Amino acid sequence: MFAPSLQTNPNPPSDAMTLLNIDIVSDVVCPWCFVGTRRMARALDLLRAEGRELAVTMRWLPFFLNPDTPPVGEPYRPFLEKKFGGAAAVEALWERVRSAGRSVGLELAFEKITVRANTLQAHRLLHWAQQRGDVDALVERLFAANFHNGEHVGDPAVLQRIAVECGYPAAEVAAYLASDIDTELVRAEERRVRELGVRSVPTYIFDGRSTISGAETPEILADAIRRHLADAAA
């Protein structure tokens, strides 16, 4: 089941609407990024409840949470236990993120994940899809594949199936993923966001000017947008 779309205004904005472009730097293997999608949607709802008319456009930018991941991936839990200092530390981390997820209606099934995925192909797929329009359903499905179903989101066959489920043509997706098209472009874009100072995800960039990092609460995200809009209007 897909979350409410973050692309909040499918029709052309009226003169009364405020245009807001949000670049979302994220990775599909980052649980806080999944939580962040829900929190940002709620933040926008808070702003609309105040009577603000927002025409929001989202763009998803790549970030490699684990840039050293082998192309075929590697065992998930052993990596985490080594990184965080053992099984107890991993369980505590998972429970903290699960709690945050439940607060926005997500049940995160970390125990189903067996492969720490390399996400270059997933970011290529998102880049390709964004050239064709709205990608909300695809983004949601990629997060759900990893954190609800434990699917290997670095596997081109899995990515193709997910894309087809979201309405993209099977043959085009298969040909694209089998090629190297846009590989260096996506890598360059990821380097660019790091050069901008992004070190953690999710990071939100409003109209290319204001930035907030972390899956903050809807209230904090809404306040960041309010401040940005006030500064832009000054």
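His-123 has a relative accessibility of 6% and therefore counts as buried, the cut-off being under 20%. I should say at once that this is a predicted model. The residue belongs to helix H4, which spans residues 120–130. What does His-123 touch, leaving aside residues up to four places away in sequence? The contacts are Ser-26, Asp-27, Pro-62, Phe-63, Phe-64 and Val-186. Two of these names lead us to the sheet: Ser-26 lies in strand E1, residues 18–26, and Pro-62 lies in strand E2, residues 54–62.

Let me turn to that sheet. It is open, has 4 strands in the order E2-E1-E5-E6, and its pairing is mixed. E2 and E6 are the edge strands, each pairing on one side only. From one strand to the next, the twist averages 20 degrees.

I shall now consider strand E5, residues 203–206. Are its faces buried or exposed? Both are covered: Thr-203 and Ile-205 are buried on one side, and Tyr-204 and Phe-206 are buried on the other. As a general point, side chains in a regular strand alternate between the two faces of the sheet.

E5 has a partner on either side in the strand order. With E1 it pairs in the antiparallel sense over 4 bridges. Within that pairing, Asp-23 is bridged to Ile-205, and Ile-22 is bridged to Phe-206. E5 is also joined to E6, residues 210–213, by 4 bridges, and these two strands run antiparallel. Phe-206 appears again here, with Ser-210 as its bridge partner in E6. Phe-206 is thus a buried residue with a bridge partner in E6 and another in Ile-22.

The connection between E5 and E6 is a hairpin with 3 residues between the strands. In the turn, Asp-207 has a positive phi of about 55 degrees.

Finally, I come to a pair of helices, H5 (residues 136–147) and H6 (residues 156–165). Their axes come within 10 Å and cross at roughly 135 degrees. That angle makes H5 oblique to H6. The crossing of H5 past H6 is right-handed. Which residues meet there? From H5 they are Leu-138, Arg-141, Leu-142 and Ala-145; from H6 they are Leu-159, Arg-161, Ile-162, Ala-163 and Glu-165. By class, the residues of this contact comprise 6 nonpolar and 3 charged, with no polar ones.

Definitions and conventions
Residues are numbered from 1 along each chain as its sequence is written. This is a predicted model: local features need pLDDT of at least 70, side-chain atom pairs count only at pLDDT 80 or more; totals for chains, interfaces and linings use all residues. Side-chain values use heavy atoms; hydrogens and water are left out. Buried means under 20% relative accessible area, exposed over 50%, partly exposed in between (1.4 Å probe, protein chains only). Two strands pair if DSSP finds at least two bridges between them. Axes are lines fitted to C-alpha atoms, for helices over the stretch in contact, and angles run from 0 to 180 degrees between N-to-C directions. Angles under 35 degrees count as roughly parallel, over 145 as roughly antiparallel, 65 to 115 as roughly perpendicular and the rest as oblique. A crossing is left-handed if the near helix is turned anticlockwise from the far one by less than a right angle, and right-handed if clockwise. Contact means heavy atoms within 4.5 Å. Ala, Val, Leu, Ile, Met, Phe, Trp, Tyr, Cys and Pro count as nonpolar, Asp, Glu, Lys and Arg as charged, and the others, Gly among them, as polar.
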